[in-house]
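Let's take a walk through this protein together, starting with its overall form and ending in its interior. Please keep the 3D view open as you read.

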Amino acid sequence: MDSALVSRFVGVVDLQDGLAVHGVGGQRDQYLPVSIFRTAGPSSLRIDGDACRLIDGYQSVGIGSFYVADLDGIRHDRWQQSLIEAIVHREPAANDSDRRGTLFLDLGLRAAVAPERWDWMESLVRSNPSVVVILATECAGDVSLLGDVLSRVPHDQVAVSFDYQDGRWLSASTSEEAWFEACRRAAIATVIGLDLASVGGTSIERTLELCKRIRRQLPQPRYVTGGGIRSAGDAQCLLDAGADQLLVASLFAE
């Protein structure tokens with residue numbers, strides 16, 4: 001695959017119960033450990049749920065940015081801090097303006113975050129310029145949480161994720177319009193669009209429609225998306241529609 005295209009990829013690392021798992025359709029109770037990574041050569045790399053080995057696989061094909069989702073935090077409000085620290089310290093720092101080398105981190109942030117957790121997150125982010133903490137609309141119970149995060153984390157190290165399931169907005173307590181306005185008002189530098197029904201799928205249809213929808217509302221921020229990408233053609237179609245970086249997993253791992 002063309003190296004210029006691969007440079008726009010962000011390798012997905014979903015963490016569940018200490019293992020790197022493979023997402024399918026947003027059905028998180030059915031996620032299984034990643035077993036292999038298809039490298040550029042004739043052989044495959046055994047992963048067996050090892051998150052750091054999965055990162056090695058992505059790097060072996062030229063992917064330098066990562067999207068790390070703590071599913072224990074998202075589902076159970078229980079952060080896998082030691083594992084995340086190991087991943088952050090293993091991943092090289094960002095060294096250019098195109099965000100290759102970025103580590104996007106979704107902890108499942110909620111309004112009721114204990115002070116010691118805030119302190120841990122703030123220290124992690126401030127001491128690692130490559131880390132961009134994600135505020136996911138799926139978990140955030142109130143738009144005001146964005147202000148809380150921005151008061152602790154450098155502005156350019158914050159991203160907002162717009163989360164859907166088969167076209168349905170996933171937050172019961174906030175609206176997408178409120179988040180669009182909050183992102184405009186705060187001049188958020190990076191937004192992410194995800195339809196969980198497309199995760200691990202074989203079609204970019206929902207991902208493409210979501211890309212167009214969010215780009216109409218937020219044309220300025222860097223836009224990251226993924227779901228259903230199975231070929232270079234799929235990837236190029238999303239880039240042509242306005243995406244800047246693409247989340248990939250099934251393209252390489254299973």
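The paragraphs below go from overall form to surface and then to the core.

Keep in mind that what you see is a predicted model. The protein is built from nine helices and 13 strands. Its C-alpha trace spans about 50 × 40 × 35 Å along the principal axes. How does the radius of gyration fit with a compact globule? For 254 residues, such a globule would have a value near 18 Å, and the protein has 17 Å, so the two agree.

The contacts tell you how the chain is brought together. Counting contacts with a separation of 6 or more, 70% join residues that are 24 or more positions apart. Of the 254 residues, 55% are buried.

Turning to the outside, the accessible surface comes to about 10400 Å², and carbon and sulfur atoms hold 47% of that area. As for charge, there are 34 negative and 24 positive side chains, and the centres of these two sets lie 2 Å apart.

Now step inside. The largest nonpolar core contains 90 residues, and Strand 8, covering residues 131–136, gives the most to this core, with six residues. Which residues have the most contacts inside it? They are Phe9, Tyr67, Met121 and Phe162.

Phe9 makes a good place to finish. Setting aside neighbours within four places in sequence, Phe9 is in contact with Met1, with Ile63 and Ser65, and with Ala235, Leu246, Val248, Leu251 and Phe252. Try selecting Phe9 together with these partners in your viewer.

How values were computed
Residues are numbered from 1 along each chain as its sequence is written. This is a predicted model: local features need pLDDT of at least 70, side-chain atom pairs count only at pLDDT 80 or more; totals for chains, interfaces and linings use all residues. Side-chain values use heavy atoms; hydrogens and water are left out. A nonpolar core is a set of buried Ala, Val, Leu, Ile, Met, Phe, Trp, Tyr and Cys residues joined through side-chain atoms within 4.5 Å. Buried means under 20% relative accessible area, exposed over 50%, partly exposed in between (1.4 Å probe, protein chains only). Helices (H or I, at least four residues) and strands (E, at least two) are DSSP runs, numbered from the N terminus. Contact means heavy atoms within 4.5 Å. The radius of gyration is taken over C-alpha atoms; the globule rule is 2.2 Å times the number of residues to the power 0.38. Accessible areas come from the Shrake-Rupley method with a 1.4 Å probe; for residues, only the protein chains shown count as cover. Lys and Arg count as positive and Asp and Glu as negative; His and the chain ends are not counted. The place of a charge is taken as NZ of Lys, CZ of Arg, CG of Asp or CD of Glu.
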